[in-house]
Amino acid sequence: MPEVLKAPLVVEFPFTRSLGPVQSAFLTGLREGVVLGVRAADGRTLVPPVEYDPVTAEEIRDLVEVAPTGTVTTWAWNHEPRRGQPLDTPFAWVLVRLDGADTALLHALDAPGPDAVRTGMRVRIRWAPERSGAITDIACFEPFDGAAGGRPTGHDGRFDDMVTGIVAPARLDYVYSPGRAQSAYIASLSERRTVGERCPSCRKVYVPSRGACPTCGVATSEPVEVGPRGTVTTYCIVNIKAKNLDIEVPYVYAHIALDGAGLALHGRIGGIPYDEVRMGLRVEPVWSEGGRYPDHYRPTGEPDADYETYKEML
Amino acid sequence: MRPLRDIAVVAFGQTDHRRTSDELSEVEMLLPVLHEVLDRTGLQTGDIGFTCSGSSDYLAGRAFSFTMALDGVGAWPPISESHVEMDGAWALYEAWTKLLTGDADTALVYAYGKSSPGSVRDVLTRQLDPYYMAPLWPDSVALAALQARALIDAGETDELALASVAARSRASATANSHAQLRGPVPQGDYLVRPLRTGDCPPIGDGAAAVILAAGDRARELCERPAWIRGIDHRIEAHSLGVRDLTDSPSTRLAAERAGAFERPVDTAELHAPFTSQEVVLRKALRLDDSVRVNPSGGALAANPVMAAGLIRIGEAAARVHRGESDRALAHATSGPCLQQNLVAVLEGDAR
C-alpha cells in the first residue's frame with residue numbers, strides 16, 4: 001500500500017455579520033465605554049443583552065445601563081492560553097455578573113494565579129486601548145477592591161454613529177489526509193499513470209476512487225490502470241476568464257472517459273480550435289514539466305468513438 | 001402518549017475508536033460499520049426505507065462533507081436520505097419521526113467524526129454565539145471547567161468525586177473492545193482548572209450505525225428488539241450566563257416527555273464527555289445507585305464527536321438485545337455545557 005498522504009489545510013474566513021437593534025446598542029456602547037443590558041419580561045436585566053426574551057420569546061428592546069464592575073459567578077484557570085483568546089498570559093475564564101445585571105457575561109480575568117481567583121470576587125472591566133464595537137473592546141476583567149467606580153449614567157443606548165455590523169475572522173488548521181483510496185490515486189499520478197478501483201459487485205471502475213461504490217455501497221479495492229487515452233463524453237465552452245488562471249478564453253472544459261474507466265473525469269481540451277471539439281473526440285493527456293496531473297488533453301488523431309461506447313458515462 | 005407505531009433499534013455497530021485514523025477517509029472508516037448492521041439484520045442497502053446521518057463540516061474542514069460518505073450507503077440510484085449537522089442521535093430522532101409517518105418501515109442511521117485532522121477544542125468554538133462568545137475563542141474544555149467549578153462551589157461534587165467518575169467509566173470500558181481509553185488511566189495534570197486530563201474525553205475518530213424498524217418488521221430482523229418507548233429533545237438558552245450550570249432542566253424535560261420517570265430504568269447510557277457533566281445528568285434524570293450508569297465506559301472512554309451520542313443509544317439498545325437490560329435510558333448532548341439534550345427510553349419484550 002502506498003504511503004498515505006497528508007498536507008496542511010488552513011480554512012480561514014471573515015464572517016461579516018449584521019447586528020440587530022439590541023446587539024448594535026450593546027457593541028456601540030462597549031466602543032464608548034458604556035455597558036448596556038436589556039430588561040426582560042420578568043424584570044431581570046440580561047447582560048449581554050439579547051433581542052428575544054429567553055422565557056417568553058417576546059421581542060425585547062428596553063436597554064438599561066449597568067456598571068463596569070461586577071462579581072465572578074464561576075471561573076476556570078487557563079494556564080495555557082490558545083490562539084485567539086483574550087490574553088496570551090495565563091488567565092481565568094470567568095462568568096461575571098455586572099452590578100445591576102441579573103445574568104453573567106463570559107470573558108477573561110487577568111490575575112496572577114489560580115490562588116488569586118475565587119467565586120464571589122469583585123472585578124472590573126479593563127477596556128481595550130483601541131475600541132471598534134466588539135466584545136473584544138473589553139480587553140479583560142481585573143481584580144477590583146476599591147469603591148464602586150464608573151457609576152452608570154443612565155444611558156439609554158442611543159449613540160451617534162451606531163455600529164451596525166461586525167467582522168468575525170475565523171481560522172482553523174487541519175492536517176488533511178485523503179485516506180487510502182485517494183492517496184493511491186494521487187500516488188499513481190506522480191508516475192503519470194491513472195489508477196482507479198473496481199467495484200467487486202458491479203465491476204465498474206471508479207476513477208478517482210474514494211474507496212466505495214456509490215451504487216452498491218461496498219468497498220472498492222482492486223486497483224485498475226485506465227487510459228491514458230480517452231473519449232470526450234460531453235463538454236462546454238468557457239468564455240469567462242478565471243482569476244489567477246493563465247488560460248486564454250474561450251477554451252473547452254470536458255468530461256473525458258479514460259479507456260477502461262467506468263465514469264468520466266474532468267479536464268481541459270487543448271491542441272484543437274475550441275469550436276471543433278465534439279462528443280466522441282479521442283484524446284490523450286499532455287503533462288507539463290513537473291506537473292502533478294495532466295495539464296490538458298489533446299486529440300489523438302484516431303477516428304471518433306461510437307456513441308454506443310460511451311453513452312452510459314454521460 | 002403512546003407512539004403511532006412501535007419502532008425499535010434492531011442493530012448497532014461501531015468502529016474501534018482511535019486517536020487517529022488518517023489512513024482512512026470518512027467513508028472508508030464508515031463502511032465496515034454500515035456492513036456490520038446490514039449483516040446483522042440480513043438487509044441490503046437497497047432494502048432500507050430511509051437513511052439519515054449526523055456529522056460536521058467543521059470537523060472535516062470541508063463543505064458538504066457528508067455527501068462523500070453517501071458513497072457508503074449506495075446512494076445511486078437516488079435514495080430517501082437526510083442529514084443533520086449534529087450528533088447522530090438527532091439523525092436517529094429524524095429517522096424515528098419518518099418511521100412514525102408510515103412512509104418507511106426501516107431506517108439506517110449513521111454518524112461519524114474524525115477529530116484527528118484538526119484541533120477539536122478550537123473547532124468546537126465555532127458552534128458558539130458569534131457576537132459575544134466565539135470572538136473570545138473559549139474552547140470546549142474551558143467551558144466545561146466553568147461548569148465544573150460551579151458544581152464544586154455549589155457543594156455538589158469535588159475533584160476527588162470527579163476522579164472517581166473517570167475511574168469507574170474507564171474500568172467499565174475494559175469490557176468494551178471499541179473503547180479508546182480503558183482500565184486505569186492517570187487523572188493527569190490540570191487541562192483547564194478544575195478539570196484534569198482524566199476528567200476530559202479522549203480525542204479520537206470513529207463512526208457508528210444503527211438500524212431502526214417498525215412493528216413486525218423489527219421482530220423479523222431482531223430476536224429481541226429494543227423498542228423506543230419514548231424519545232424527546234430539548235434545548236435551553238445558548239448564553240451560559242443565563243443558565244444555572246449546575247442543573248439541566250432541558251434534560252429533565254426531555255426525560256419527562258420520553259416517559260423516563262414513569263418506571264425505573266435499570267441502565268443509563270449518558271453522553272457526558274466531562275466527569276462533571278455526569279453529576280449534572282444524574283441529578284436531572286434522578287438516577288440513583290440502583291441504575292447501572294455507562295456500562296460501556298461512556299464518552300470518557302471514547303468520544304468520537306458527532307457519533308458519541310448515537311453510540312449511547314446504540315449501547316443501550318445492544319444491552320436490551322443481549323438481554324442484559326429490560327428498560328434502558330439513553331441520553332445524547334450537543335453544544336456547550338449540556339446545552340441541548342435528547343433522551344430515549346428503550347425496552348425489551350417481557351421475558
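**Exercise 1. Disulfides**

Work out how many disulfides there are over all chains of this predicted model, using A:C202 as a test case.

*Solution.* Start with the cut-off: two cysteine sulfur atoms have to lie within 2.5 Å. Now take A:C202, whose closest cysteine sulfur belongs to A:C199. The gap is 3.7 Å, so that pair is too far apart for a bond. Go through all chains with this rule and you end up with zero disulfides.

While you're looking at cysteines, check their cover. A:C202 has 34% relative accessibility and is partly exposed. B:C222, at 10%, is buried, because buried means under 20%.

**Exercise 2. Salt bridges, one by one**

Find which residue pairs with B:D122 in a salt bridge, and say what that pair joins.

*Solution.* A quick reminder: side chains of opposite charge can pair when their charged atoms come close. The partner of B:D122 is A:R82, at 3.1 Å from N to O. Next, place both ends. B:D122 is in helix α5 of chain B (residues 120–123), while A:R82 is in the chain A loop between β5 (69–78) and β6 (91–98), so this salt bridge joins two chains. Last, look at cover: B:D122 is buried at 18% relative accessibility, and A:R82 is partly exposed at 22%.

Now do the same for A:D173 and A:R83.

*Solution.* Their side chains meet in a salt bridge at 3.2 Å, N to O. A:D173 lies in strand β10 (residues 165–176) of chain A and A:R83 in the loop between β5 and β6 of chain A, so the pair ties together parts 90 residues apart in sequence. As for cover, A:D173 comes out partly exposed at 31%, and A:R83 is partly exposed too, at 49%.

One more pair: describe the salt bridge of B:R252 and the cover of its two ends.

*Solution.* B:R252 pairs with B:D247, with the closest N and O atoms 2.8 Å apart. B:R252 is partly exposed at 22%, whereas B:D247 is buried at 19%.

To finish, zoom out. The structure has 50 salt bridges over all chains. Some residues form a network of them: A:R229, A:D259, A:R282, A:E284, A:R298 and A:E302.

**Exercise 3. Nonpolar cores**

Say how many residues the largest nonpolar core has, and which helix gives the most to it.

*Solution.* The count is 78 residues, and those with the most contacts inside the core are A:F26, A:L109 and A:F141. Helix α6 of chain B (residues 140–153) gives the most to this core, with nine residues. Then pick A:F141 and list who touches it, skipping neighbours within four places in sequence: among them are A:V94, A:V96, A:L98, A:L105, A:L109, A:V123 and A:I125. A second, separate core has 40 residues, including B:I7, B:A111, B:I311 and B:A317.

**Exercise 4. A loop residue and a surface patch**

Decide whether B:N303 is buried or exposed, and list its contacts.

*Solution.* B:N303 sits in the chain B loop between β10 (292–293) and α11 (308–321). Its relative accessibility is 10%, so B:N303 counts as buried. Beyond four places in sequence, B:N303 contacts B:P201, B:P202, B:H271, B:P273 and B:A308.

Now find which residues make the nonpolar surface patch that includes A:I237.

*Solution.* The other members are A:Y235, A:Y274, A:M279, A:Y307 and A:L314, and the patch covers about 550 Å². A:I237 itself belongs to strand β16 (residues 230–238) of chain A and is partly exposed at 37%.

Definitions and conventions. Residues are numbered from 1 along each chain as its sequence is written. Chains are lettered from A and ligands numbered from 1 in the order in which they are written. This is a predicted model: local features need pLDDT of at least 70, side-chain atom pairs count only at pLDDT 80 or more; totals for chains, interfaces and linings use all residues. Side-chain values use heavy atoms; hydrogens and water are left out. Buried means under 20% relative accessible area, exposed over 50%, partly exposed in between (1.4 Å probe, protein chains only). Patches are made of residues with over 30% relative accessible area and no salt bridge: like charges are joined within 9 Å, nonpolar side chains (Val, Leu, Ile, Met, Phe, Trp, Tyr) within 5 Å. Accessible areas come from the Shrake-Rupley method with a 1.4 Å probe; for residues, only the protein chains shown count as cover. A salt bridge is a side-chain nitrogen of Lys or Arg within 4 Å of a carboxyl oxygen of Asp or Glu. Helices (H or I, at least four residues) and strands (E, at least two) are DSSP runs, numbered from the N terminus. A nonpolar core is a set of buried Ala, Val, Leu, Ile, Met, Phe, Trp, Tyr and Cys residues joined through side-chain atoms within 4.5 Å. Contact means heavy atoms within 4.5 Å.
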